[in-house]
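Here are some short questions about how a structure earns its labels. Each answer sets a value against a rule.

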Amino acid sequence: MLIQPSFSFPPFLRLKTPADFQQVFTQPVKSTDRYFTLLAIKNQLEHPRLGLAIAKKNSKRAVDRNKIKRVTRESFRLQQHELSALDIVVLARRDAANASSSQLTKSLEKHWVKLVKQCAGC
RNA sequence: AGAGUCGGUCGAGUAGUCGCUGUUUUAUUGUAAUGAUAAAAGAGAGGAAAGUCCGGGCUUCAUAGGGUAGAGUGCCAGGUAAUCACUGGGGGGCGUGAGCCUACGGAAAGUGCUGCAGAAAUUAAACCGCCUCUCAUCUGCAAUCUUUGAUUCUAGGCGAGUGGUAAGGGUGAGAAGGUGCGGUAAGAGCGCACCGCGCAACUGGUAACAGGUGUGGCAAGGUAAACCCCACUCGAAGCAAGAUCAAAUAGAGAAGCGUUGGUGUGACCCGCACUGUUUCUGGGUAGAUUGCUUGAGCGAUAAGGUGACUUAUCGCCUAGAUGAAUGACUGCUUUUAACAAAACCCGGCUUAUAGACUGACUCUUUUU
RNA sequence: GGCUGCGUAGCAAAAUGGUUAUGCAGUGGCCUGCAAAGCCAUCUACACCAGUUCGAUUCUGGUCGCAGCCU
């Protein structure tokens with residue numbers, strides 16, 4: 001589908017409907033640290049897709065939630081060609097609201113690598 | 001110079017690379033139609049977007065009509081689409097002052113409450129105290145006689161009783177005006193002067209209210225953000241409202257006939273709606289589209305007004321997402337910038353806020 | 001986004017315009033040969049800030065936090 005490597009982030013790279021999210025939540029591959037919990041599952045497409053679930057309970061302020069979303073999208077956008085055909089849902093944990101954006105970026109990069117390895121077998 | 005009061009404006013900028021969401025134009029491609037992809041241009045969070053505390057616009061619903069109940073508001077005037085908010089004024093409180101705060105109608109319509117303390121807490125009352133009178137007793141002065149004791153008169157002390165008193169004491173948030181003089185057995189608005197309070201007319205003011213004058217001798221508290229009375233206002237729900245297209249699935253809808261009974265009703269009654277049968281038909285959950293941004297809009301100038309605000313002219317178009325867009329990296333400037341993210345839209349209030357600039361005013365000290 | 005309710009001790013939970021009950025837990029003592037149970041004593045509270053009132057946990061307004069409902 002992607003002939004030339006592009007780092008854009010168009011809408012079809014996102015999870016949109018509740019049904020998409022339910023599929024990921026049924027039998028996912030997990031990866032957790034103190035900032036994030038990532039859930040992943042193989043899809044039938046030729047590209048990865050990203051879904052965000054940033055709970056209001058864990059990060060109270062809208063500014064914090066937006067920061068987490070932006071950092072996550074930016075990291076996904078730059079790393080999308082390393083990921084195979086996966087549907088990934090990112091859940092933010094309580095410490096993510098207070099972390100700096102560089103800390104979050106490092107944490108996410110580890111998660112991408114880990115998920116690709118784990119899903120290679122299944 | 002220091003301390004302080006009330007406002008106003010801004011709230012990171014700039015250059016480059018990558019990326020996100022609308023709009024317009026062009027090109028390619030496709031459909032019954034909306035489209036999809038690429039490129040370019042131009043746009044893209046706030047002063048509070050927040051809290052949801054008030055008020056409106058907008059939308060839907062006959063439980064929207066009438067009455068009761070319920071809720072809210074409460075000095076006067078103004079302005080507004082509208083408000084409990086705003087502006088100006090009045091009264092009260094705080095502050096040396098600039099200034100700040102103020103739900104600020106009625107307690108002689110009625111009901112309730114008023115703990116503890118205190119003699120007494122609401123048709124007032126009388127513990128201590130003060131005073132008159134009576135009785136008993138003690139002491140003193142004087143007089144008389146029946147002369148070492150009696151009687152009378154009078155002054156004082158102590159005790160008991162009857163009455164007067166609300167000045168003084170102490171309690172309390174609050175005890176039936178305050179101060180002074182007169183007055184009285186002692187006292188008391190009992191009388192007088194000043195202050196306070198009530199009433200009356202007058203003057204000023206649109207009014208709230210203020211002012212002086214006359215007059216009444218003075219009234220039994222407080223609480224209505226307790227019930228209540230008076231005056232005024234209020235239908236309810238909220239864009240997750242609602243509208244359109246429509247997989248699934250069926251318990252539905254419309255018209256005609258009939259209307260006794262029954263059922264329902266987000267407080268109750270009147271009321272209102274539904275229920276039966278025949279014929280005809282489509283109905284609307286997931287999802288999508290829409291509502292969705294030109295509006296009581298913003299800016300400038302002029303005029304009116306103390307001001308909130310209003311009027312006129314000219315100019316401008318300034319987010320519209322829907323798993324939800326503004327970010328990341330690098331360089332420079334003075335520092336990693338503070339509080340913090342639109343979700344239908346406006347007006348106000350409240351709360352958070354690093355810092356920068358600026359206007360008016362007050363007090364204290366020093367110098368001239 | 002909108003609507004509604006609740007904040008009382010370490011935990012649970014009530015009432016009220018005037019002194020905050022009660023239970024469990026903690027601490028100390030009595031009881032016992034030692035424990036448990038029981039009895040006695042003690043400790044720690046009305047979310048925060050203003051207003052009304054003589055007086056506020058209660059009434060009123062605001063702030064903060066928590067929970068629930070509408071999708």
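Q: What radius of gyration would a compact globule of 122 residues have, and why does chain A agree or disagree with it?
A: This is a predicted model. A compact globule with 122 residues would have a radius of gyration near 14 Å. Chain A has 14 Å, so the two agree. Its C-alpha trace spans about 40 × 30 × 25 Å along the principal axes.

Q: Why is Pro 10 called buried or exposed?
A: Pro 10 has 7 other C-beta atoms within 10 Å. A residue with 12 or fewer counts as exposed, so Pro 10 is exposed. Pro 10 sits in the segment before α1 (18–26). In space, Pro 10 is 9.6 Å from Arg 77, C-alpha to C-alpha, although 67 residues separate them in sequence.

Q: What makes a residue count as near RNA strand B, and which come nearest?
A: The C-beta atom must lie within 6 Å of the strand. There are 24 residues around RNA strand B, and Ser 8, Ala 53, Arg 61, Ala 62 and Asn 66 come nearest. Elements giving two or more residues to this surface are α1, β3 (49–53), α2 (62–79) and α3 (101–120). The largest share, seven residues, comes from α2.

Q: How do the residues near RNA strand B divide into nonpolar, polar and charged?
A: Eleven are nonpolar, six are polar and seven are charged.

Q: What pattern does chain A follow along the sequence?
A: The pattern is α-β-β-β-α-β-α. That fits the count of three helices and four strands.

Terms used. Residues are numbered from 1 along each chain as its sequence is written. Chains are lettered from A and ligands numbered from 1 in the order in which they are written. This is a predicted model: local features need pLDDT of at least 70, side-chain atom pairs count only at pLDDT 80 or more; totals for chains, interfaces and linings use all residues. A residue is buried if 20 or more other C-beta atoms lie within 10 Å of its own, exposed if 12 or fewer, and partly exposed in between; C-beta atoms are placed from the backbone. Ala, Val, Leu, Ile, Met, Phe, Trp, Tyr, Cys and Pro count as nonpolar, Asp, Glu, Lys and Arg as charged, and the others, Gly among them, as polar. The radius of gyration is taken over C-alpha atoms; the globule rule is 2.2 Å times the number of residues to the power 0.38.
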